[in-house]
Each structure stands twice: as structure tokens, then as C-alpha cells.
Amino acid sequence: MERIWKSALALLACLMLCLPCARASEPFTVEAKAAVLIDADSGRVLFAQNADEMLPMASTTKIMTAILALENCSLDEQVTASENASGVEGTSIYLSVGETLSMEHMLYGLMLRSGNDAAVAIAEHVAGSVESFAEMMNERAEELGADAHFVNPHGLPAEGHAASALGMAKIMRHAMTIPEFRTITATQRKIIPWVGNEYSRVLENKNRLLSTYEGANGGKTGYTNAAGRCLVFSAERDGLSLIGVVLNCPTWFDTAETLLDYGFENFHAETALEEGQSAGSVALRGGASDTVAVVAGGNLRSAVALGTPYTVRYIYKELTAPVARGDVVGTARMESGGEVIAVCPLLAAEDVPAWSLSEALRAVLRNWLASFA
């Protein structure tokens with residue numbers, strides 16, 4: 001009996017030791033055709049399910065539309081709705097032909113109400129036509145390294161209009177670096193003018209996470225029969241910023257919460273270097289000095305799994321003088337669990353001229369004079 005009791009205790013102890021590890025490492029799936037969760041600071045992928053497949057993404061398209069509007073226009077520019085914009089099918093803010101609103105109000109109509117008419121009006125204002133605007137969208141997606149192909153600015157079904165979940169996450173990651181976008185996407189309710197109508201337009205944000213999930217601070221919904229329910233979402237807690245995407249997901253908001261919970265429960269934010277922070281020095285050939293001081297050219301910051309250490313590796317170029325302050329002299333890599341989780345450039349913190357006899361004599365003279373100071 002005593003032997004059985006000791007065996008049971010040993011088995012229980014073993015199970016208790018194994019459970020936390022199993023919970024952290026056990027893979028899981030979500031009810032979505034594709035899904036991804038990334039760290040907003042570094043872009044590190046924390047969860048992926050079929051994240052690279054190109055799928056229709058419905059009105060989450062409008063995140064890219066907003067990016068191009070904010071990067072190419074001021075908020076007070078006046079945008080006039082054409083017949084083409086006024087007549088577009090689907091969700092709208094009911095723009096009449098010739099109605100003019102500020103770009104800011106158009107963007108609220110685009111992001112909160114998901115107005116397809118606002119999307120076309122913005123596209124025509126920025127690029128002259130929907131076709132030209134789609135070209136701009138594709139060029140910007142390529143610059144952001146996002147797998148996405150746009151045919152229109154609103155996301156209504158069109159041949160070839162598709163993106164991967166990871167591609168949309170990368171687009172949202174960039175969008176959240178634009179202060180005006182952050183303000184608009186986090187707004188739950190906005191009143192904008194309705195020209196020629198005795199009432200104003202009252203816009204309610206369709207992203208219910210803003211009111212139901214602690215730390216939620218942005219996102220965009222989308223739905224068509226072809227795309228199913230799509231959601232791009234973001235949240236921040238204790239310095240950890242997460243961005244997620246679900247495509248063709250019947251349980252879009254519940255699944256979004258599941259992914260965010262996973263991120264916040266298993267990762268925390270770590271900053272290895274802050275922009276401008278000293279990162280030592282690096283050897284230099286042929287210079288007035290044989291080393292050059294180095295600083296971080298950006299924040300080296302990433303989500304790190306709880307209980308998992310990280311290291312920082314410095315990789316320098318072979319440098320020959322002259323070197324100017326601000327020159328890229330290397331790269332800092334934050335590594336954890338055998339993978340690179342964040343990268344930032346290393347910059348020269350000072351000017352170092354090439355060695356010359358005249359420079360050497362000037363250095364001797366400066367030192368000699370300094371000895372009398």
C-alpha cells in the first residue's frame with residue numbers, strides 16, 4: 001500500500017511539473033481559415049495558422065486606403081464625392097453626388113462606418129481614379145513587405161483582390177505608427193456633417209473589442225459572402241503591443257480575444273536598447289582614431305516568451321575611415337529561443353576623419369595646448 005501511495009505521489013509531482021510546459025508549448029488552432037498574431041514593436045510572429053495563404057479580406061482593405069490618404073493628404077483637405085463614389089454598392093455613409101467633406105471626416109466614415117462610398121471618394125481624390133489608387137496600394141504593400149494585392153479601395157469582391165493574414169498584420173503594424181490613424185481607429189463614436197441634411201451623421205465603430213476587451217486600441221472589420229467574417233485588431237497591455245488578423249472566421253471577435261489572451265498570458269515586452277543609447281565602440285582602420293563610438297539607431301524591443309532569456313548580438317561592418325556621424329556601422333540583433341526576434345541598425349555616434357599627417361599634427365597640437373589649460 002505504501003509503495004502504491006509513493007508511486008501515486010511521484011506521478012502527481014511529475015504531472016504538476018509537466019503541466020506548465022505543456023500549456024506553453026502545446027499547439028492550438030482557431031476557427032478561422034487563416035489567423036496570425038504578431039508583436040507590434042518587432043513584427044515577431046507569436047501565432048500563425050495558414051498565415052501566408054492569399055484570401056479575400058473584405059473591408060479590412062480600408063486600412064491601406066487610410067494609410068495612403070494620411071501619407072498623401074492633410075486632414076483638412078476637401079474631398080468631393082463623384083457619381084462613381086455616390087453610387088458604389090454596399091455599406092455607405094450616403095454621400096450625395098457633389099457632396100464635400102474634409103479628408104478627416106471621410107476617414108472616419110471609412111473606418112468606423114466602413115463606407116464604400118467614402119473609400120472611392122478618397123481614392124479618386126488621392127490618385128484621380130480607383131485604378132490608379134489600386135496601383136498605389138500595391139506599391140505600398142510591396143514596400144511594407146506585405147503579401148497583398150488590391151484591385152479596389154473598399155474590399156468588395158474582385159478578381160485578384162486578396163491578402164494573407166500576415167500581410168494584413170504588416171499593413172496594420174505600419175498604420176499604427178501613424179498618430180492620426182491611431183486616433184481614428186480607436187474612436188468608438190463620431191459625429192460628422194451631413195451636407196444638405198438637417199441631421200448629422202452618427203458613426204459607430206463596428207469593432208466591438210474597443211468596448212469589450214481591456215487594452216483594445218484599434219482595428220477594422222470586414223465581411224462579404226466570399227471573404228466571410230474578417231477582423232484586424234490591436235491591443236496593448238503593460239507595454240506589450242499586439243496585432244492580430246483572422247480571415248474567414250465565423251467567431252471573429254471571440255477568436256480575436258482568444259489570440260490576444262494567448263499573447264498577453266505567454267509573452268512580455270523587453271527593451272534591449274533604446275534609440276540613441278550607447279552600444280560601445282567598433283574598430284576602425286585608417287582613421288584619426290582607431291575606434292568609433294556607436295549608438296542604437298532605433299529601439300531594439302520585442303515580445304519575449306515568459307521564462308525565456310534573450311541575448312543581444314552585435315554584427316559590425318569592416319570599417320575604413322572616414323566615417324560620418326549617423327552612418328550605419330552594423331546591426332544589433334535580439335535573439336531568444338534560437339531565433340532573431342528584433343533587429344535595429346547601429347550608427348556611428350561621431351565623425352572620424354581619415355588619418356593624415358596634417359590631422360596627426362593638429363591632434364598633437366591640440367593635446368599640447370590642452371596640457372596648458
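These questions and answers walk through helix packing and one sheet in a predicted model.

Student: How are H2 and H6 oriented to each other, roughly parallel or roughly perpendicular?

Tutor: Helix H2 spans residues 62–72 and helix H6 spans residues 130–143. Their axes lie 10 Å apart, at an angle of about 95°. Angles of 65 to 115 degrees count as roughly perpendicular. H2 and H6 are therefore roughly perpendicular.

Student: How do the residues of the contact of H2 with H6 divide into nonpolar, polar and charged?

Tutor: H2 brings Met64, Thr65, Leu68, Glu71 and Asn72. H6 meets them with Phe133, Met136, Met137, Arg140 and Ala141. The split is six nonpolar, two polar and two charged.

Student: Which strands stand at the edges of the open sheet?

Tutor: Five strands form this sheet, with antiparallel pairing. Their order is S2-S1-S11-S10-S9. Each edge strand has a single partner, so one side of it is left without a neighbour in the sheet. The edges are S2 (45–49) and S9 (216–224).

Student: Which residue in S11 stands opposite Ala235?

Tutor: Strand S10 covers residues 228–237, and strand S11 covers residues 240–247. The two pair in the antiparallel sense over seven bridges. Opposite Ala235 stands Leu242.

Student: At what angle does H7 run to S1?

Tutor: Helix H7 is formed by residues 165–175. H7 lies across S1, S2, S9, S10 and S11. Relative to S1 (34–39), the angle is about 35°.

Key:
Residues numbered from 1 in each chain as written. Predicted model: local features only at pLDDT ≥ 70, side-chain atom pairs only at ≥ 80, totals over all residues. Heavy atoms only, no water. Axes fitted to C-alpha atoms, helices over the stretch in contact; angles between N-to-C directions. Helix = DSSP H or I, 4+ residues; strand = E, 2+ residues; numbered from the N terminus. Parallel < 35°, antiparallel > 145°, perpendicular 65-115°, else oblique. Contact = heavy atoms within 4.5 Å. Nonpolar A, V, L, I, M, F, W, Y, C, P; charged D, E, K, R; others polar. Pairing = 2+ DSSP bridges.
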